[in-house]
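Biologist: I'm new to this one. Could you walk me through its open and closed spaces, and then its rings?

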Amino acid sequence: MLLDMDLGVLLPSLIPSSQSVYVLVFYFVYLAVAGEILPGKVIRGVLLSDGSQLRYRCNGLLALTLLVAILGICAKLGIVSPLVVADRGLELLSATFIFCVLVTLALYVTGRSSSDKSSSLKPHVSENLVHDWWFGIQLNPQFMSIDLKFFFVRAGMMGWLLINLSILAKSVQDGSLSQSMILYQIFCALYILDYFVHEEYMTSTWDIIAERLGFMLVFGDLLWIPFTFSIQGWWLLHNKVELTVPAIVANCLVFVIGYMVFRGANKQKHIFKKNPKTPIWGKPPVVVGGKLLASGYWGIARHCNYLGDLMLALSFSLPCGISSPVPYFYPIYLLILLIWRERRDEVRCAEKYKEIWAEYLRLVPWRILPYVY
């Protein structure tokens with residue numbers, strides 16, 4: 001979409017209108033209220049260094065289902081257009097960016113002034129303003145009892161689906177709906193819905209338990225996930241791709257295998273953290289030093305979940321064919337990001353586990369892809 005616009009059209013379309021601001025405000029208010037009042041399983045987070053555990057209400061699937069139903073009814077009654085996101089995508093992108101900057105500046109100020117000594121709110125200040133703003137100061141800051149880190153991840157994942165649904169509605173209206181668009185929409189919808197079915201697993205991921213909340217995470221959750229992960233949909237809206245039956249079958253296989261590895265690895269790690277003695281693939285787990293899992297997917301590669309994530313990302317792009325690199329931005333970006341993150345993880349683990357980590361490397365020599373990397 002950006003490539004088809006000249007600068008004279010692009011710049012005005014980036015200026016947020018009052019309607020785009022209203023859409024964003026409604027979205028965040030709805031998520032805040034729904035997250036607090038809708039029923040859902042309450043999960044204890046991992047044990048923090050001070051012995052405390054945060055609680056998370058995992059009602060994202062219900063909140064998402066209700067939101068889509070409300071928007072569907074409103075669209076049927078003519079209250080809101082299903083094309084509002086597709087028609088105002090750039091406005092919403094810029095409005096979201098402005099929000100990310102403002103909220104992270106607020107997080108920086110409140111974090112700097114905090115005297116809280118708990119693990120979740122203790123300020124970590126480096127005296128480098130840019131560093132502290134980018135990486136954050138507090139681990140789990142809250143606003144009106146809402147855990148902001150968990151809230152922003154939820155908002156980004158739901159936003160991705162809402163953007164896709166608006167793109168789908170526009171393709172139907174334009175008469176450009178294709179097999180490729182349907183395949184892309186199905187894969188993304190299954191992935192996002194699966195995320196919310198297993199939302200509790202998010203509470204034990206590195207982002208939640210270790211990364212402080214700064215611009216890097218807020219921007220990544222609220223803008224990067226929904227607006228860049230949907231590039232394939234935007235591209236297919238303007239480019240028709242006809243897929244052969246073998247291509248469709250191969251694409252489905254990449255998605256299914258990627259899903260099995262991604263979900264299987266994350267599930268094994270989550271269960272292990274809750275109960276280290278739970279059998280994996282029918283056998284007692286191999287645990288190094290009583291802390292590091294070396295069984296199941298985690299005995300194949302140290303970051304096997306990243307491999308599954310990369311395969312899923314590739315499956316979202318394959319419906320676009322190979323005529324352009326633009327739809328492959330997401331898997332290419334994700335490859336770079338995960339290798340960078342894997343390197344950071346390994347340095348931290350080496351410092352934390354020392355000789356235990358060395359033994360783990362001996363048992364599991366491959367980082368992401370066995371026999372390759």
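Biologist: What volume does the second largest pocket have, and which residues lie nearest its centre?

Modeller: Keep in mind that this is a predicted model. The second largest pocket has a volume of about 800 Å³. Its lining takes in 35 residues. Those nearest the centre are Val23, Leu71, Val84, Val85 and Leu162.

Biologist: How many residues of each class are in the lining of that second largest pocket?

Modeller: Helices including α2 (18-37), α3 (60-76) and α7 (148-174) each supply at least two residues of that lining. Sorted by class, the lining of the second largest pocket has 7 polar, 2 charged and 26 nonpolar residues.

Biologist: Now the closed spaces. Which element gives the most to the lining of the largest cavity?

Modeller: The whole structure has 2 cavities of 30 Å³ or more, and the largest has a volume of about 60 Å³. It is lined by 13 residues, with Leu107, Tyr108, Gly136, Ile137 and Leu213 closest to its centre. Two elements give two or more residues to this lining, α5 and α6 (129-135). The one that gives the most, with 4 residues, is α5.

Biologist: And the second largest cavity: how many charged residues does its lining have?

Modeller: That cavity holds about 50 Å³ of space. Gly45, Val46, Leu48, Leu54, Tyr56, Leu139, Asn140, Ile208 and Ile209 line it. By class, 7 of the lining residues are nonpolar and 2 are polar, and the number of charged ones is given as no charged residues.

Biologist: On to the rings. Why does the pair of Tyr191 and Phe262 count as tilted?

Modeller: The structure holds 28 aromatic pairs. In this one, the ring centres are 5.8 Å apart and the planes are at 40°. Planes under 30 degrees apart would count as stacked and over 60 as edge-to-face, so at 40° the pair is tilted.

Biologist: How far apart in sequence are the parts that this pair ties together?

Modeller: Both partners are buried, Tyr191 with a relative accessible area of 11% and Phe262 at 11% too. Tyr191 lies in helix α8 (residues 179-197) and Phe262 in helix α12 (residues 245-274), so the parts tied together are apart in sequence by 71 residues.

Biologist: Which ring does the charged end of Lys269 sit over?

Modeller: There are charges over rings here, including Arg344, which lies over the face of Trp340 at 4.5 Å from the ring centre. The charged end of Lys269 is 3.7 Å from the centre of its ring, and that ring belongs to Trp298.

Conventions: Residues numbered from 1 in each chain as written. Predicted model: local features only at pLDDT ≥ 70, side-chain atom pairs only at ≥ 80, totals over all residues. Heavy atoms only, no water. Phe/Tyr/Trp six-rings, centres within 6.5 Å; stacked < 30°, edge-to-face > 60°. Buried < 20%, exposed > 50% of the residue type's maximum accessible area, 1.4 Å probe, protein only. Lys NZ or Arg CZ within 6 Å of the ring centre and 35° of its normal. 1 Å grid on protein atoms, 1.4 Å probe; cavity = no way out; pocket = protein on both sides within 12 Å on 5 of 7 lines; lining within 4 Å. Points joined across faces, edges and corners; volume = space filled by probe spheres on them. Nonpolar A, V, L, I, M, F, W, Y, C, P; charged D, E, K, R; others polar.
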